[in-house]
Amino acid sequence: MTDPSPAQRFIEAIPHSRALGMQLEEIGEGRAVISMPYDARFIGDPATGVIAGGAVSALMDTCCGAAVMSYPGARGTATLDLRIDYMRAAKPGQRIIARAECFHASRTVAFVRATAHDEDEGLPVATASGAFTMESVTREGGK
Amino acid sequence: MSRAKPEPVQVVKQRRDSALKALIGGIPYVQWLGIQFDRRGDELTATLPFDEKLIGNPFLPAIHGGVTSAFLEITAMIELSWSMLWEEMEKGTLDPRALDAQHLPRLPKTIDFTVDYLRSGLPRDAYARARVNRSGRRYASVHVEAWQDNRARLFAQATGHFLIPTRQPLAAPPEGTATE
């Protein structure tokens with residue numbers, strides 16, 4: 001895994017990720033770890049104070065995209081589809097950490113899976129799996 | 001026996017609008033994203049006004065995939081909650097005047113949500129409408145579509161499954177009855 005500082009600048013360049021306070025923890029070789037702090041503005045259920053599923057989706061999508069970008073030879077990516085399964089509510093007040101892995105990529109498509117945890121490292125808060133477009137440097141023409 | 005006089009239209013509209021406002025106004029994340037809902041009868045249309053903080057790719061620029069996903073999920077969840085509220089309002093079992101941020105019906109929980117990204121989200125307002133395809137006692141399946149300039153050119157669609165909250169205490173069915 002490489003030094004997160006240049007990659008952190010990459011995350012900082014994404015206005016929405018910055019707005020959600022995302023922090024890149026680790027990246028490299030098709031894997032990424034990104035965390036997001038608890039913030040009362042992102043509450044989805046006022047009765048419980050639990051973070052909105054949508055904010056967790058945004059974290060998962062960013063983390064999966066970062067994993068694809070760090071895959072050897074990747075130059076660009078976009079989400080084709082992403083499925084998120086919500087296992088349990090994230091504990092109010094706790095940071096959420098997403099870990100994504102691009103486990104296969106062709107020249108055109110990348111397959112990614114991810115998990116999200118709060119401070120309890122047991123059962124994940126959510127898991128995700130998705131397909132992403134892959135713009136690779138080895139692609140003919142290299143446009 | 002004379003027929004009861006129909007309620008004045010303003011009274012009906014006010015009741016429905018205040019219920020919708022209470023439902024949406026209490027959710028911080030909906031407010032933070034700036035999502036608004038328009039109502040025509042029971043039909044809702046969600047609007048996500050464009051904002052710089054929604055950008056995911058500053059070079060194109062394009063709306064963040066996570067924003068699209070969140071917008072669709074909120075639209076689906078509000079539609080489902082709204083359809084349940086509507087039913088209770090029409091039956092007269094729920095008085096919207098009793099609704100505020102502290103006294104809202106419990107929101108459905110997302111079980112899973114699958115987003116199909118069809119084209120990149122442009123730096124413009126986005127719209128979405130959801131349809132409850134199936135709503136049983138415990139589970140619901142909701143489909144949602146989002147577009148920008150042209151209603152027929154969707155930029156994303158999604159399907160989600162939701163866990164329906166136990167209906168307490170407003171319309172709890174009598175014990176021993178299984179209603180669906």
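This report describes a predicted model of chains A and B, taking chain B, the shared sheet and the interface in turn.

## Chain B overall

Chain B has 180 residues, of which 36% are buried. Its C-alpha trace extends over about 70 × 40 × 30 Å along the principal axes. Three helices and eight strands make up the secondary structure of chain B. Read from the N terminus, the order of these elements is α-α-β-β-β-β-α-β-β-β-β.

Contacts in chain B can also be sorted by separation in sequence. Of those between residues at least 6 apart, 66% link residues at least 24 apart.

## The sheet across both chains

Strands of chains A and B form one open sheet of 12 strands, paired in the antiparallel sense. The strand order is β1(A)-β2(A)-β7(A)-β8(A)-β9(A)-β6(A)-β5(B)-β8(B)-β7(B)-β6(B)-β2(B)-β1(B). At the edges lie β1 (23-28) of chain A and β1 (36-40) of chain B, each of which pairs on one side only. The average turn between neighbouring strands, with direction ignored, is 20°.

At the chain B edge, β1(B) runs antiparallel to β2(B), residues 43-48, and five bridges join the two strands. One of the bridge pairs is F37(B) with A46(B), the latter in β2(B).

## Strand β9 of chain A

In the sheet order, β9(A) stands between β8(A) and β6(A). Its pairing with β8(A), residues 109-117, is antiparallel and has eight bridges; V109(A) is the bridge partner of T133(A) in β9(A). Towards β6(A), β9(A) pairs over seven bridges, again in the antiparallel sense. There T79(A) has F132(A) of β9(A) as its bridge partner.

The two faces of β9(A), residues 126-133, differ in cover. A126(A), A128(A), G130(A) and F132(A) form the covered face, while T127(A), S129(A), A131(A) and T133(A) form the uncovered one.

## Where the chains meet

Contacts between the chains involve 30 residues of chain A and 32 residues of chain B. On the chain A side, the elements that give two or more residues are α2 (15-19), β3 (43-45), α3 (53-69) and β6 (79-86). The largest share, eight residues, is from β6(A). Sorted by class, this side of chain A has 17 nonpolar, seven polar and six charged residues.

The sheet passes from one chain to the other where β6(A) is followed by β5(B) in the strand order. β6(A) and β5(B), residues 109-117, pair in the antiparallel sense over five bridges. Within this pairing, L82(A) is opposite V115(B).

## Helix packing in chain B

Helix α3(B) packs on the sheet, and its direction makes about 50° with that of β6(B). The strands it touches are β6 of chain A and, in chain B, β1, β2, β5, β6 (126-135), β7 (139-147) and β8 (154-163).

α3(B), residues 65-91, also meets α1(B), residues 9-25; their axes come within 11 Å and cross at roughly 140°. This crossing is right-handed. From α1(B) the contact takes R15(B), R16(B), A19(B), L20(B), L23(B) and I24(B), and from α3(B) it takes I78(B), S81(B), W82(B), L85(B) and M89(B). By class, these residues are eight nonpolar, one polar and two charged.

## Annotated region of chain A

An unreviewed UniProt entry carries the annotation "domain: Thioesterase" for residues 49-123 of chain A. In the model, this stretch is 23% helix and 43% strand, and its end C-alpha atoms are 20 Å apart.

Conventions: Residues are numbered from 1 along each chain as its sequence is written. Chains are lettered from A and ligands numbered from 1 in the order in which they are written. This is a predicted model: local features need pLDDT of at least 70, side-chain atom pairs count only at pLDDT 80 or more; totals for chains, interfaces and linings use all residues. Two residues are in contact if their C-beta atoms, placed from the backbone, lie within 7 Å. Helices (H or I, at least four residues) and strands (E, at least two) are DSSP runs, numbered from the N terminus. Ala, Val, Leu, Ile, Met, Phe, Trp, Tyr, Cys and Pro count as nonpolar, Asp, Glu, Lys and Arg as charged, and the others, Gly among them, as polar. Two strands pair if DSSP finds at least two bridges between them. Axes are lines fitted to C-alpha atoms, for helices over the stretch in contact, and angles run from 0 to 180 degrees between N-to-C directions. A crossing is left-handed if the near helix is turned anticlockwise from the far one by less than a right angle, and right-handed if clockwise. UniProt positions are given in the numbering used here, feature names are shortened, and annotations may be inferred rather than shown by experiment. A residue is buried if 20 or more other C-beta atoms lie within 10 Å of its own, exposed if 12 or fewer, and partly exposed in between; C-beta atoms are placed from the backbone.
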